[in-house]
Amino acid sequence: GAYRRLSSSANTGPLEILGAHHPTDSFTNVGPSILSKIPLRLHTQPGHPLSTLRSIIESHFPTYSHLSSFSPLVTPFKNFDELSFPKDHPGRSPTDSYYINKNLMLRTHTSAHEVDVFGRGEDKWLLTADVYRRDEIDASHYPVFHQMEGARLFSADKASMKELEEDNEYLERVLEKSNIIIEDIPHISPSNPVQETHDPVHAELVAKNLKLSLNSLILRLFGGAASNAEPLRVRWIEAYFPFTSPSFEVEVFFRGKWLEILGCGVVIQSTLDTASMFYSCSSFFLSTGFYTLYIDVKNKIGWAFGLGLERIAMILYSIPDIRLFWSTDERFLSQFKPGDITTTFKAYSKFPSCFKDVSFWNAVAAPLHENDFCDLVRDVAGDLVEDVKMIDSFVHPKTNRSSTCYRINYRSMDRSLSNEEVNELQKVVVARLIDEFRVEIR
Ligand code: FA5
Ligand code: MG
């Protein structure tokens with residue numbers, strides 16, 4: 001079988017995270033560099049650009065509950081099953097997600113808390129949190145990042161739908177004065193269908209409200225800056241999530257490329273059904289009108305979104321590399337003022353980069369997963385790695401062994417790296433590759 005990577009901190013007994021001890025097992029794949037990020041909670045650090053962005057978005061939705069203290073440790077059930085992820089979804093794999101052990105993981109998205117929050121009876125809320133994913137390494141991907149989940153529920157009755165229609169008309173008028181170019185798509189289409197249990201007219205109104213609410217947020221965030229420069233280009237595209245339908249993603253044109261900033265959609269009814277079970281149970285135990293409350297939550301329809309805060313902050317402040325958010329360098333932090341989104345980040349001089357290639361034969365026919373490679377490099381080099389690219393991969397026709405070549409670009413954000421230092425890092429990467437994945441260096 002394939003060799004599973006055993007990170008140096010794993011299989012050495014329990015892990016201490018946020019003051020509690022958790023057993024490890026064959027699923028454990030969190031290393032020290034990830035663990036060290038858990039207590040930092042950048043979205044709550046006063047003056048940090050991610051915290052400023054959070055409070056500006058919160059102030060744009062003043063009537064919503066603002067939540068930000070949910071633990072990052074969740075069960076795979078919360079992160080996936082409760083949101084209707086199929087049993088064989090690739091996101092569940094230890095190559096894609098960080099596991100503390102088989103029954104406990106680091107949330108991969110803020111949607112993991114949807115059922116809990118809806119289950120408390122909240123129907124307009126924002127929730128900000130750190131999330132964790134094993135992913136590629138480049139300027140817009142980092143294994144720890146921050147999302148803000150937002151959701152709004154409506155009663156699916158005539159009066160509420162009338163109110164919703166009026167709200168939509170109001171938002172449309174606000175957006176008429178927009179200096180942003182927004183490419184739209186239909187709210188519902190054969191490839192992005194309405195749910196069976198929904199009245200298509202209601203679903204259409206809710207999807208429209210979702211788009212208008214997010215477009216008005218985008219206008220609030222980027223409207224000012226766009227006035228004298230090139231107008232900002234935004235596009236809505238169809239997407240797929242197991243927990244919404246119809247579903248969308250929004251991309252913004254940034255530095256010559258479309259950068260995805262959020263995913264969203266009309267909440268799958270089973271999420272609300274599960275939440276209403278919680279809600280009715282808790283209200284039952286409080287012995288308040290069980291039936292009324294139950295019906296109340298169940299007859300709702302609503303939308304949800306998940307924003308990537310780093311991505312938005314990068315566009316807003318012109319921050320070229322996602323690693324900068326973790327910098328403790330005053331040359332970074334001092335450029336941002338609490339409450340201010342008009343700063344344009346000035347890069348302090350760019351330091352030279354150093355490329356190192358490593359080619360190897362994999363131990364088995366299936367090549368080492370790119371996420372495993374990236375995570376190992378991140379573990380060794382931390383923020384001294386700028387990006388990792390697979391530059392070659394093939395299977396030997398006779399031996400059937402697979403070969404892979406990666407190019408690692410080492411560059412510090414705040415100083416020049418010496419040759420010896422980079423060679424030392426590369427040596428450790430190679431040694432761990434051999435040790436943990438049994439590869440043969442070519
Ligand atoms: C989600 O995580 C869904 N939970 C969003 C959602 C919520 C859909 C509610 C429907 C309803 P996605 O995997 O696309 O979707 O991630 C959302 C955003 O997080 C992306 O658009 C991007 O802005 C950001 N993001 C994703 N991966 C990374 C990463 N490695 N580094 C930085 N930002 C990331
Ligand atoms: Mg996405």
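Let's start at the ligand: the residues of the shell around ligand 1 split into 8 nonpolar, 9 polar and 6 charged. Keep in mind that what you're looking at is a predicted model. Of the 23 residues around ligand 1, the ones that come nearest are His109, Phe145, Gly263, Gly306 and Gly308. Try finding those five in the structure before you move on.

Where does this shell come from? Four elements each supply at least two of its residues: strand 8 (144–155), strand 12 (257–267), strand 13 (300–308) and helix 9 (309–317). Strand 12 gives the largest share, with 6 residues.

Now zoom out to the whole protein. Its secondary structure adds up to 12 helices and 17 strands. The radius of gyration is 23 Å, close to the 22 Å that the globule rule gives for 442 residues, so the protein is as compact as a globular protein of that length. If you drew a box around the C-alpha atoms along the principal axes, that box would be roughly 70 × 55 × 45 Å. How much of the protein is buried? Buried residues make up 38% of the 442 residues. The contacts tell you something about the chain, too: among those with a separation of 6 or more, 72% are between residues 24 or more positions apart.

Next, have a look at how some of the strands team up. As a bit of background, strands of a sheet pair through backbone hydrogen bonds, and they can do this either parallel or antiparallel. One example here is an open sheet of 3 strands in the order 4-6-5, with antiparallel pairing. Strand 4 (73–74) and strand 5 (99–101) stand at the edges with a single partner strand each, so one side of each has no neighbour in the sheet. Strand 5 is joined to strand 6 (residues 104–106) by 2 bridges, and the two run antiparallel. Within this pair, Tyr99 stands opposite Met105 in strand 6.

Further along the chain you'll meet another antiparallel pair, strand 15 (residues 385–395) and strand 16 (residues 402–410), joined by 9 bridges. To see the two strands lined up, pick out Val385, whose bridge partner in strand 16 is Tyr410. What do strands 15 and 16 form together? They make a hairpin, with 6 residues between them. In the turn, Asn400 has a positive phi of about 70 degrees. While you're looking at strands, one handy rule: in a regular strand the side chains alternate between the two faces of the sheet.

Terms used: Residues are numbered from 1 along each chain as its sequence is written. Chains are lettered from A and ligands numbered from 1 in the order in which they are written. This is a predicted model: local features need pLDDT of at least 70, side-chain atom pairs count only at pLDDT 80 or more; totals for chains, interfaces and linings use all residues. Two strands pair if DSSP finds at least two bridges between them. The radius of gyration is taken over C-alpha atoms; the globule rule is 2.2 Å times the number of residues to the power 0.38. A residue is buried if 20 or more other C-beta atoms lie within 10 Å of its own, exposed if 12 or fewer, and partly exposed in between; C-beta atoms are placed from the backbone. Two residues are in contact if their C-beta atoms, placed from the backbone, lie within 7 Å. A residue is near a molecule or strand if its C-beta atom, placed from the backbone, lies within 6 Å of it. Ala, Val, Leu, Ile, Met, Phe, Trp, Tyr, Cys and Pro count as nonpolar, Asp, Glu, Lys and Arg as charged, and the others, Gly among them, as polar.
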